[in-house]
Every structure is written in structure tokens, then in C-alpha cells.
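Here are some exercises to work through with the model open on your screen. Try each task before you read its solution.

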Amino acid sequence: MLDNGGFEVWQRGVALTIPASVTAYTADRWYITTGTGQITTVALFNAGLTSRSRYQGLVQRNPGQTGTSTVVFAYPLTTSECVRLRGAKISLSFLANTGPDWSPTSGTITYNVYFGTGTEGKRGAGFTGETNPITGTINLPPVNSGSVAVTSSGTVATNVTQGEVRLTWTPVGPAGAADVVAFDNFQLESGLVITEFEYAPFHTMLALCQRHYCKTFQYDVPPAQNSGSRLGVLVSPFDGDITTSGVGQAWRFPSPMRIAPTIVTYNPNVANANWRNNANSGDAAATVVTAFTGENGAFIGQTVAGPEYYVIHASADASL
Amino acid sequence: MTYTLYLDGSVQRDADGAWIPADAGNADWQEYQTWLAVPNTPTPAVGDSPPDPTNWLPGMEFLSRITDAEYNAIMADAALNIQMMRWIEMLRMRGQIDLYSQEAIDAKAYLTGGSPPILTTERADIIFADPGVDSP
């Protein structure tokens, strides 16, 4: 039931440098928490861990990084996802592969599935009334691959509202050139029968992920200021009638989002968050109009500075 | 991490300019609430909400709120005050006024701040009042 369990969807970019000591989303639905001295790269690798998988997700402590605190790589579950598992025994399966400088002692990766009864979100230090029906470890020495296919002994409580699939590992010493682990084909399902990984169509998985995060950029363009890409921009058709009020553009999200999202705007051609004059000769301030912005769409307003067409990119983040 | 608070209750994350809605389910809003609880204090909005087309009052409606005597007083002052003349010209060109813009706030302060004032505070409050109608 995990969206993007196969690491096929990477709307934020396919090679992300995650700073030390942050929590940040990487591949869609998957976040990482790094510690001090743990600048990390999370990237798509252009081959799956099975012949039927197109991509896998790599997590690499960057060469020379010395941080050795426990890394968290996790997938928080929505309440809707938790409800679908209530009262059931559950199964977790996934594939992993390690690089030549994989550093944890014994190559240990710990996996857990947690549930709680509070508000849906990342687990942080622990859920409300936490339960932990699946816990275990897999030891993968460098340059080894392995699979996990486990079931819970007990059932998921019937009142759970928050949950998380969490992987942790503890690096040792300074990172070598390839202190890296790769994952693929995560599947969490109700019942004790572990089924074959479901290779869903890309667009199906993208649409599911867009309930949590979406952008105006083309899929393969990471959201950033001064991206140089105008493909898919919002256009404010300010055509010279400078008495026109309500200048700006509505953005209808490709899928209704989980909650009202955080909106970030990006100037396509300059390092700021403003609308860009289509003639590339100036900017106009951009603001999100609260009255028109919710789960279905946003309105990006423009301070009048025409007459000209203005363009802007935006992202909407409703992640847990 | 710092934030700027808007009058409508939403906040801007200053680091990347992200607009964060006051939605309890939004992770960034939750992070802001944690930041507030430390305690921290957001930068207050500078007398305005973000520029918002729904705050714009059509110029004709704005002028209709001004009496003939007030109009004469404003224009007489503008003949001697380049800043006021410029503001009136900009209002004409745009055909509308953002009631929450710094520019509108400054104009209102100027019109009520002289000795004697061009407008009384009570009249200025009526003339610059939010119509309460969204006009996108």
C-alpha cells in the first residue's frame, strides 16, 4: 500500500543533496533525517533491484562526512492508510543493496513499522500510544544485496491514526567513496501473505504522490529559482489594460491535496520568488492569496507592474 | 528560522518565502507552532497583509467616498506637494487602490497628519475602509 515504494517518483529532483542535521523529503513520500556531519545524497539510480523495476533509491553519506549518528529514512502513513490496516496482521517487504564502503557495524539496517493514535505526521521521537507490530534487522556487508519479507505476530490496533515505516542505520567512521545503501520495492500490506511487489504504472503512482506534493515545473525539472525553464509556468496575462484588477493566475493542482499546502514561488530566470516579465526585463512581486488557496488550488497574485505577460513557477507541499 | 505573520493568519517562512496556511494538518504550520512555543515571535506584518487583489478598491468607488470640499482640499494640497500629486496620478493610472499597501497607509497618514489636517481621522477611516467585498 505504500505510494512510491519502488522509488519511481522524484518530483523534488533525482539527485538531492541533503544538508547535515535536517529532516527533508527526498523521493516522493520518503524523508530522511541527517545528523551533524552527515551531508547526504539521496538519488534515483537508473536501474531497479529487479529486472521489472525501473529505478531504485540510493542514500549515500557523502565522501569524507564524519557524522556517525543514526540516520532515519522513513515513510509516514496518513490516517487513511492506517485505517486500511486496522485490526489486521501486516506484512512488510523490501529489497536493499549496499555499496563498497557501506560502513555500519555488521552492515546492520533496522526496520520498524510504528503506529499511534495521535495526529498523522512524522514519528519524531515517538507516536501517541505507540505500538510496533513489525521490528527487525537485516545485516548487509558491503556490496551485498538482500531482501526482507516479514509479518507481524500481532494485529494492528483498531484505533490507529498515525503510522510510519522507518529504516535506521548508524554509520561508522568517516564516509568512504561509496558509503551507500539502495532500496527498492517497499510494500506494506494487510494479511500474512506477502504478495509480489505491485509494479504500478508511473502515472498512477505520480498522481497518488501529487496528493502530497506537486509543482508547475516539468516533471524532470527540480523546483528552484532561476531554473531557466518556462515550460509549464503560470502566466499572468497582464495585457496592457492597467486598470485590470485581480492580476495574477489561478493554479489548479493536478490532484486534490491532503490539506491546504505550503506554497513556494520561483522566478524562472532570476534568483528570487517573483513573477518574471516575459520580455525578461523585470519582476513583479508575487503573493499567495489566502482567500483563494486551499486543497484544490492556489491563486498567485501579482503586484501590478505591467503591461506585459508575467511568468512564475510554484510548488505546493502538503506532506506529512 | 524566522517567520513573518500576515494579518489573515497565514505566515511566510522567511528563508525561502514559503506561504504557509493556518491549517493544523500542514506540517510546516505545525513546525511554526513548535517554533512559536519555544517561545519565538514572528515579525509582524508591516501594517498590511500580503498584496492581495481582494483588497483593491476601484478608483471610482474610492473617489465617490470623497466630498467635493475634500476633493478640492486634496487637489489644492497636491498642487504644492509633488508626493501627493504623484500618488494621485498613480491612483488614476491603476484605476484602483490596495487599501493595505504601505502606499495607501502613508497617504492616509499624510492626509490626517497636517495642521490642520486635510481629512479628519473619522473621515479618513471611512474613505479608506475595506469594502468587505472581494473584487478579484
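Helices and strands here are DSSP runs, with at least four residues for a helix and at least two for a strand, numbered from the N terminus. Keep in mind that this is a predicted model.

**Exercise 1. Find A:Ser21 and say what is unusual about its backbone.**

Step 1: go to the loop between β1 and β2 (23-25) of chain A, where A:Ser21 lies.
Step 2: check the backbone angle. A:Ser21 has a positive phi of about 60°, although it is not a glycine. Most residues other than glycine have a negative phi.
Step 3: look at the surroundings. With a relative accessible area of 46%, A:Ser21 is partly exposed.
Step 4: now try A:Val143, in the loop between β9 (131-139) and β10 of chain A. A:Val143 isn't a glycine either, and its phi is positive too, at about 55°. Its relative accessibility is 57%, so A:Val143 counts as exposed.

**Exercise 2. Work out the strand order of the sheet of chain A that holds β1 and β10, and find its edges.**

Step 1: trace the strands. This open sheet has six of them, in the order β1-β4-β5-β12-β7-β10, with antiparallel pairing.
Step 2: look at the ends. β1 (15-18) and β10 (145-151) have a single partner strand each, so one side of each is left without a neighbour in the sheet.
Step 3: check the turn between neighbours. Direction ignored, neighbouring strands are turned by 20° against each other on average.
Step 4: zoom in on β7 of chain A (residues 90-98). Eight bridges join β7 to the antiparallel strand β12 (residues 179-190) of chain A, and A:Leu92 stands opposite A:Leu188 there. β7(A) also pairs with β10(A) in the antiparallel sense, over seven bridges, and here A:Leu95 faces A:Ser147 across the pair, standing opposite it.

**Exercise 3. Sort the side chains of β10(A) by the face they point to.**

Step 1: recall the rule. In a regular strand the side chains alternate between the two faces of the sheet.
Step 2: pick out one face. A:Gly146, A:Val148 and A:Val150 point that way and are buried.
Step 3: take the other face. A:Ser145, A:Ser147, A:Ala149 and A:Thr151 point there and are not buried.

**Exercise 4. Do the same tracing for the sheet of chain A that holds β2 and β9.**

Step 1: write down the order. Six strands form this open sheet as β2-β3-β6-β11-β8-β9, and the pairing is antiparallel.
Step 2: find the edges. β2 and β9 of chain A each have a single partner strand, so one side of each lacks a neighbour in the sheet.
Step 3: note the twist, which averages 20° from one strand to the next.
Step 4: look at one pair. β2(A) is joined by three bridges to β3 (residues 31-33) of chain A, running antiparallel, and A:Tyr25 stands opposite A:Tyr31.

**Exercise 5. How many disulfides does the whole structure have?**

Step 1: set the cut-off. Two cysteine sulfur atoms must lie within 2.5 Å.
Step 2: search all chains. The count is zero.
Step 3: check A:Cys82. The nearest cysteine sulfur, that of A:Cys209, is 17 Å away. A:Cys82 is buried, at 0% relative accessibility.
Step 4: check A:Cys209. The nearest cysteine sulfur belongs to A:Cys214, 12 Å away. A:Cys209 is also buried, with a relative accessible area of 1%.

**Exercise 6. Which residues of helix α3 (residues 68-78) of chain B are buried, and where do they sit around the axis?**

Step 1: list them. They are B:Glu70, B:Ile74, B:Asp77 and B:Ala78.
Step 2: look down the axis of α3(B). The buried residues fall within an arc of 105°, so they line one face of the helix.
Step 3: turn to the other side, where B:Asp68, B:Ala69 and B:Asn72 are exposed.

**Exercise 7. Locate the cis peptide bonds before B:Pro39 and B:Pro116.**

Step 1: remember that most peptide bonds are trans.
Step 2: visit the loop between α1 (27-36) and β4 (43-44) of chain B, the place of B:Pro39. The bond from B:Val38 to B:Pro39 is cis, with omega about 15°.
Step 3: move to the loop between α5 (102-113) and α6 (121-127) of chain B, where B:Pro116 lies. B:Ser115 and B:Pro116 are joined by a cis bond with omega about 0°.

Conventions:
Residues numbered from 1 in each chain as written. Chains lettered and ligands numbered in written order. Predicted model: local features only at pLDDT ≥ 70, side-chain atom pairs only at ≥ 80, totals over all residues. Heavy atoms only, no water. Pairing = 2+ DSSP bridges. Axes fitted to C-alpha atoms, helices over the stretch in contact; angles between N-to-C directions. Buried < 20%, exposed > 50% of the residue type's maximum accessible area, 1.4 Å probe, protein only. Arc of directions from axis to C-beta.
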